[in-house]
Amino acid sequence: MGSIIIAGGGTGGHIYPGISIAMELKKYDYKVCFVVKKNDKGIRILQEHGLSYEEVPAMGFPRRSFLKLFSFSISLVRGFISSAMFIKKTRPSAVVGLGGYTSFNVVLAAKLFGIPSIIHEQNYIPGLANRALSIFADKVAVSFEESLRYFGKKKTILTGNPVRTEVLNAKKDFNKLNLDENRFTVFVFGGSQGASAINLCVAASLEYLEEYRENMQFIHITGENDFEKVKKTYSERKFKASVLRYFSRIEYAYAVADLIICRSGATTVAELRYIDAPAILIPYPHATDNHQYYNAKAYLSSGGLGEIIVEKDLTPSSIAQKISNHIDNPHRKSLKAPTKLPQKKIFEEIVKLMSG
């Protein structure tokens, strides 16, 4: 079978859709290699999944600093040369770009060598790289129907955002996280890098949740920076909690959650569509074009269960009130995974590209 290059990285939001695509391709004996920037934070995730990767020079576009434009220009040229050399050496059957500055040079190099490419946009509002690459790519795949209007009609298709099969097929197992199956379980996380505003606010909210202490428990993925502080707060307040710096098997947390408190990155929103629990979405306020807020709005308008709190309105007492409302009035809605896994759609488009 042919070989595929998947280009992207920087955050789990770019890496995880690529992993979903890669795992589906590997089922059919396609050889898959990721291209990521040097020392990319997503490399650890790729290693955990046993996926090969190539590192190339790359840096983000300096939107607010003219002084960094020179460094960016040098990095862009170096990244393009490295990407072109790698593509010339490997001669893949197709290239998949996941957005972000890493995919930019790889898709351009694919165009140079006449190799078909498809880019995938995870967010409601497309990023700068994908808007530019849509001119050169053979196909553009989008996660939200509303995103179709940002690209040319002839080459754009709605595929959704591929979700890992582990998430779709996860079973309840409270023992894996040392939890009590009879307690109301709140799962808190802020994305692959953590989110201090959410971490510290939820920790401070415990003061207002004392009456529920014996009947509830938390799974809290903090990231590195807030781990010790948050863990200490749960301990001092005597709340049962599994506090983790990082957790690669997030499906186990999803499966047992009665309520989820999280950001609204594209991958998180895609996964929530298949989770049997409501969510309190707190969009990252500094995301480009405020795209997390629009991801959350699109999720809710399409039938997702939950609500949005903008970060400026987030306080310990307000989040405690939201949590207590869910404990007192549990409301669950079954969102079952479709029989045809969502990554199949983009997988089929990639195969079409290779067959001409």
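## Close-up views of a predicted model

**View 1. Strand 1 and strand 2 run side by side in this predicted model.** Residues 3-7 form strand 1 and residues 31-37 form strand 2; the two pair in the parallel sense, with five bridges between them. For a handy landmark, look for Ala 7, which stands opposite Val 35 of strand 2.

**View 2. Seven strands make up an open sheet.** Stepping back from that pair, we can follow the strand order, 3-2-1-4-5-6-7, with parallel pairing. Which strands lie at the edges? They are strand 3 (52-56) and strand 7 (156-158), each of which pairs on one side only. From one strand to the next, the twist averages 25°. As a general guide when inspecting such a view, side chains in a regular strand alternate between the two faces of the sheet.

**View 3. A helix links strand 9 to strand 10.** Here strand 9 (residues 216-221) and strand 10 (residues 241-244) pair in the parallel sense over four bridges. His 220 has Val 243 of strand 10 as its bridge partner. Between the two strands the chain passes through helix 8 (residues 227-237), giving a right-handed β-α-β crossover.

**View 4. The whole chain gives the close-ups their setting.** The protein chain contains 13 helices and 13 strands. Of its 356 residues, 53% count as buried. Among contacts with a separation of 6 or more, 63% join residues 24 or more positions apart. The accessible surface comes to about 16500 Å², and carbon and sulfur atoms contribute 51% of that area.

Methods: Residues are numbered from 1 along each chain as its sequence is written. This is a predicted model: local features need pLDDT of at least 70, side-chain atom pairs count only at pLDDT 80 or more; totals for chains, interfaces and linings use all residues. Side-chain values use heavy atoms; hydrogens and water are left out. Two strands pair if DSSP finds at least two bridges between them. Axes are lines fitted to C-alpha atoms, for helices over the stretch in contact, and angles run from 0 to 180 degrees between N-to-C directions. Buried means under 20% relative accessible area, exposed over 50%, partly exposed in between (1.4 Å probe, protein chains only). Contact means heavy atoms within 4.5 Å. Accessible areas come from the Shrake-Rupley method with a 1.4 Å probe; for residues, only the protein chains shown count as cover. A crossover is right-handed if, with the strands pointing away from the viewer, the path from the first strand over the helix to the second runs clockwise.
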